[in-house]
Amino acid sequence: MDTKELSVENIQKTVRSACEAHGYEREAIIPVLLEVNRTLGYLPTPALVEVGRHLRTPVSQVFSVASFYYLLTVEPRGKHVIQMCESAPCHVMGGRQLYRAIIDTLGIEPGRTTPDGKWTFILTSCLGTCGVGPVVQIDDDLYGNLTPAKLKPLLARYTNGGE
């Protein structure tokens, strides 16, 4: 959803729909936030307030959950999100060089989004595929045995291929 579509009405409708699907108890906070995040692209403050109201939970607790889990974000992310595993197996297999290549290619540090809004770069602890490190995940696609030389053609598939 485009940020321009983040009207109060759209946020309220999205939160209401997520609560109807997952329940109005505090225990539903994670699935509700996941659905709202997926629908809106991130969790703007008005959405956190609305979730708190529906689940009868203080906004501070809703924000704590939203900011704790890496799958949730309280800031807009780029069209494509590249996550890089920074665990020891990936590091040993060339992760440091790949890390530098991502920074040099995208021109951003981890936790940032490119000025054009195309890419967000995130470090993560493990993507569960240690045998094929270094590993990155772009959106929902996982890539192993990645090298700096393979990076630019891979990123081009997303930027030039219209994915």
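Q: Let's start inside the sheet of this predicted model: which residue of β2 does Met 84 stand opposite?
A: Strand β1 covers residues 80-85 and is joined to β2 by 6 bridges, the two strands running parallel. Across from Met 84, in β2, stands Leu 123.

Q: What is the strand order of the open sheet?
A: The sheet is open, has 4 strands and shows mixed pairing. β2 (119-124) and β4 (141-143) stand at its edges with a single partner strand each, so one side of each has no neighbour in the sheet. From one strand to the next, the twist averages 20°. The order is β2-β1-β3-β4.

Q: At about what angle to β1 does helix α5 run?
A: Helix α5 spans residues 88-106. This helix lies across β1, β2 and β3 (136-138). Its angle to β1 is about 150°.

Q: And helix α6, which strands does it lie across?
A: Helix α6 is made of residues 148-159. It runs at about 170° to β4. The strands it lies across are β1, β2, β3 and β4.

Q: Are the rings of Tyr 99 and Phe 121 stacked, edge-to-face or tilted?
A: The structure holds 4 aromatic pairs, and Tyr 99 with Phe 121 is one of them. Tyr 99 lies in helix α5 and Phe 121 in strand β2, so the pair ties together parts that are 22 residues apart in sequence. The ring centres are 6.2 Å apart; planes under 30 degrees apart would count as stacked and over 60 as edge-to-face. Here the planes are at 50°, so the pair is tilted.

Q: Now to the helices: are α1 and α2 parallel, antiparallel, perpendicular or oblique?
A: The axes of α1 (residues 8-22) and α2 (residues 29-40) come within 9 Å and cross at roughly 140°. Angles over 145 degrees would count as roughly antiparallel, and 65 to 115 as roughly perpendicular, so 140° falls in neither group. That makes α1, relative to α2, oblique.

Q: How many nonpolar residues does the contact of α1 with α2 have?
A: α1 passes α2 in a right-handed crossing. On the α1 side the contact includes Ile 11, Val 15 and Ala 18, while α2 brings residues including Pro 31, Val 32 and Val 36. Sorted by class, the contact has 4 polar residues and 1 charged residue, and the number of nonpolar ones is 9.

Q: Which residues of α1 meet α3?
A: α1 and α3 (residues 45-55) pack with their axes 9 Å apart, at an angle of about 40°. That makes α1 oblique to α3, and the crossing is right-handed. On the α3 side are Pro 46, Ala 47, Glu 50, Val 51, His 54 and Leu 55; the α1 residues that meet them are Ile 11, Gln 12, Val 15, Arg 16 and Cys 19.

Q: How many charged residues does the contact of α2 with α3 have?
A: The axes of α2 and α3 are 11 Å apart, at an angle of about 150°, and their crossing is right-handed. Ile 29, Val 32, Leu 33, Val 36 and Leu 40 in α2 meet Ala 47, Leu 48, Val 51 and Leu 55 in α3. The class count for this contact is 9 nonpolar, no polar and, for charged residues, none.

Q: Which two residues does a cis peptide bond join?
A: Most peptide bonds are trans. In this chain, a cis bond has an omega of about -5°. Pro 134, one partner in it, is found in the loop between β2 and β3. The two residues joined are Gly 133 and Pro 134.

Q: What is the approximate phi of Asp 139?
A: Most residues other than glycine have a negative phi. Asp 139, found in the loop between β3 and β4, has a positive value although it is a residue other than glycine. Its phi is near 55°.

Q: To finish, what pattern of helices and strands does the chain follow along the sequence?
A: The secondary structure comes to 6 helices and 4 strands. Taken along the principal axes, the C-alpha atoms fill a box of roughly 50 × 30 × 25 Å. Read along the sequence, the pattern is α-α-α-α-β-α-β-β-β-α.

Key:
Residues are numbered from 1 along each chain as its sequence is written. This is a predicted model: local features need pLDDT of at least 70, side-chain atom pairs count only at pLDDT 80 or more; totals for chains, interfaces and linings use all residues. Side-chain values use heavy atoms; hydrogens and water are left out. Axes are lines fitted to C-alpha atoms, for helices over the stretch in contact, and angles run from 0 to 180 degrees between N-to-C directions. Angles under 35 degrees count as roughly parallel, over 145 as roughly antiparallel, 65 to 115 as roughly perpendicular and the rest as oblique. A crossing is left-handed if the near helix is turned anticlockwise from the far one by less than a right angle, and right-handed if clockwise. Contact means heavy atoms within 4.5 Å. Ala, Val, Leu, Ile, Met, Phe, Trp, Tyr, Cys and Pro count as nonpolar, Asp, Glu, Lys and Arg as charged, and the others, Gly among them, as polar. Two strands pair if DSSP finds at least two bridges between them. Rings of Phe, Tyr and Trp (its six-membered ring) pair if their centres lie within 6.5 Å; planes under 30 degrees apart count as stacked, over 60 as edge-to-face and the rest as tilted.
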